[in-house]
Amino acid sequence: ADNLSDALKKLKITTTDSTADSLEGCLDCLLQALAQNNTETSEKIQKSGVLQVFASLLMPQSSCTAKVANIIAEVARNEFMRNPCVDAGLIPPLVQLLNCKDQEVLLQTGRALGNICYDSHEGRNAVDHAGGAHIVVDHIRSLCNKTDPASEKLLTVFCGMLMNYSNENDTLQSQLINMGVIPTLVKLLGIHCQNAALTEMCLVAFGNLAELESSKEQFAYTNIAEELVKLFKKQIEHDKKEMIFEVLAPLAENDVIKLQLVEAGLVECLLEIVQKTVDSDKEDDVAELKTASDLMVLLLLGDESMQKLFEGGKGSVFQRVLSWIPSNSHQLQLAGALAIANFARNDGNCIHMVDNGIVQKLMDLLDRHVEDGNVTVQHAALSALRNLAIPVVNKAKMLSAGVAEAVLKFLRSEMPPVQFKLLGTLRMLIDAQAEAAEQLGKNAKLVERLVEWCEAKDHAGVMGESNRLLSALIRHSKSKDVIRTIVQSGGIKHLVTMATSEHVIMQNEALVALALIAALELATAEKDLENAQLVQILHRLLSDDRSAPEIKYNSMVLICALIGSEPLQKEVQSMAFLEVVSKLRSHENKTVAQQASLTEQRLAVES
């Protein structure tokens, strides 16, 4: 301790009077003290005011420079020392030292700057201000091809410095991307793949940069996919695999890179991991299984990568994914169902899968989760069934396979994501399927639940889908029984509200359903239509210049149907509809204009 105090005093007196030897001795003493107790020694250095002295010792030509930079690097390992280093004016002279040729000076300077930047906003700003990043990127470029130990050590320190400099800072990350650091780092990864420390630094730097959209475009022009997959295949340790996964996940959000990863053989690696870890309950294996299967699903979100793996339904990857669905692992069931939902993104794939028995597998999976209630698996299986039900030729096949009944088992679910997918699946299934729409529409339990969900104000998606399904039951069945069931359950007011939706498609579906109600069961629905103020709403829709042509057309069709009811006809007469309708006779849309003439005649006769 006495030695340390002496050394600090000597350094303080003035650096100019000291001979190089006595200066070296003082610096060695500081380094020794830091090695024994870094925190305590750093506190003493800060209190002594020596930091300001260091700024003047950082001379390119001085023999002590590397030691001074080393002391700064050691001191800056402590969070409380980073701002004092900036305040002592150490950053500009350190950045200047990056221009020197001495490898030891460069190494210690890189460490010092990297440590000062670690988790320090002030440190990063000061390095940015002094232009440090540019010089470091240039060094990395010029050292990139050198594989001698000293160069690799320097590259590792410089990559670490850039990583600390840009971590969680979008502006500085963008700056590095604009400097073109990505292709250089990818090249580095390829050349130095045998060097674990350097590889690790590159991966963490990629992880930092890959979150930004602009970086993905740059990555897509490099062979990053190939390099990462090559590296991945060599890894045995869980932590190393995890590091690569952390870079792969954000990169795989880009469709071009998705395809590159598939072509580089990532899928085979992932399937191998799944096979190795599926029956293990070790924490690391469970985590690896989840990451691998999630990444697999992500790769299938790209149209090209998905089609490449589907291979007309004959692909080994597609077959392996199918085998996940009956698995006992919830994680694999989930990934399998999500993968099927992703494969089911075009009609050809959907038709092929339904013809090859995928529906039964998904229904069996749902059955296993009626009681168990794993929400994510329920949601995924319903998503897959919904997508499969989109092509017209699949609807009847799926209905006769009992999909509607399987889906209805989840009516009692209290989970909005499950409710949302359940509604969407039923809506897809009954599209243009009159018999199925009638059967479901007469199911009082279903209709009551729909009416309840039409009021789910906290869940706009569920509310919207419930309204659309109510309307679809009427539109596709055109059945009086269905209308009566909906009237009895109090569904009419929701269809009227739906006619005021901000989505034209929903407004239109509501108006068509209401027109069918008025045509087929006006007497039954009369009271509810009156209470829901349908006539006023139609007046508003027809008067509003922003209403779409089909909304105006269907509103007039509905008015003509409503005047078959005495109380509703009175309302129509009291609201000067003739005036609004006669204006629409000159509407630019011919169908609207024709319907306006017909409606005007009907209204004139009735009045």
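Visitor: Which share of relative accessible area makes a residue count as buried, and which residues of helix H24 are buried?
Guide: Buried means under 20% relative accessible area. This is a predicted model, and helix H24 in it covers residues 347-355. The buried residues of H24 are Asn349, Cys350, His352, Met353 and Val354.

Visitor: What follows H24, and what is its phi?
Guide: Just after H24 comes a glycine, Gly357. Its phi is positive, near 85°.

Visitor: How many helices and how many strands does the protein have?
Guide: Let us take the strands before the helices: there are zero of them. The helices of the protein number 41.

Visitor: What is the radius of gyration of the protein, set against that of a compact globule?
Guide: For 607 residues, a compact globule would come out near 25 Å. The C-alpha atoms here fill a box of roughly 115 × 55 × 40 Å along the principal axes. The radius of gyration of the protein is 35 Å.

Visitor: Is Ala205 buried or exposed?
Guide: Ala205 sits in helix H14, which spans residues 196-209. Beyond its neighbours within four places in sequence, Ala205 is in contact with Met163 and Leu185. Its relative accessible area is 7%, and the cut-off for buried is under 20%, so Ala205 is buried.

Visitor: How many Å separate the C-alpha atoms of Ala205 and Leu538?
Guide: Along the chain, these two are 333 residues apart. In space, their C-alpha atoms are separated by 60 Å.

Visitor: Where does Asp119 lie, and is it buried or exposed?
Guide: Asp119 lies in the loop between helix H8 (103-117) and helix H9 (121-129). Although Asp119 is not a glycine, its phi is positive, about 55°. With a relative accessible area of 52%, and with exposed meaning over 50%, Asp119 is therefore exposed.

Visitor: What is the phi of Ala432, and which helices flank its loop?
Guide: Ala432 is a residue other than glycine with a positive phi, near 65°. Ala432 is exposed, at 60% relative accessible area. Its loop runs between helix H29 (416-430) and helix H30 (434-441).

Visitor: Which residues does UniProt list for "repeat: ARM", and how much of residues 89-131 is helix?
Guide: An unreviewed UniProt entry lists residues 89-131 and 357-389 under that name. Over residues 89-131, the end C-alpha atoms are 15 Å apart. That stretch is 0% strand and 72% helix.

Note on methods:
Residues numbered from 1 in each chain as written. Predicted model: local features only at pLDDT ≥ 70, side-chain atom pairs only at ≥ 80, totals over all residues. Heavy atoms only, no water. Helix = DSSP H or I, 4+ residues; strand = E, 2+ residues; numbered from the N terminus. Rg over C-alpha atoms; globule rule 2.2 N^0.38 Å. UniProt positions renumbered as here; feature names shortened; annotations may be inferred. Buried < 20%, exposed > 50% of the residue type's maximum accessible area, 1.4 Å probe, protein only. Contact = heavy atoms within 4.5 Å.
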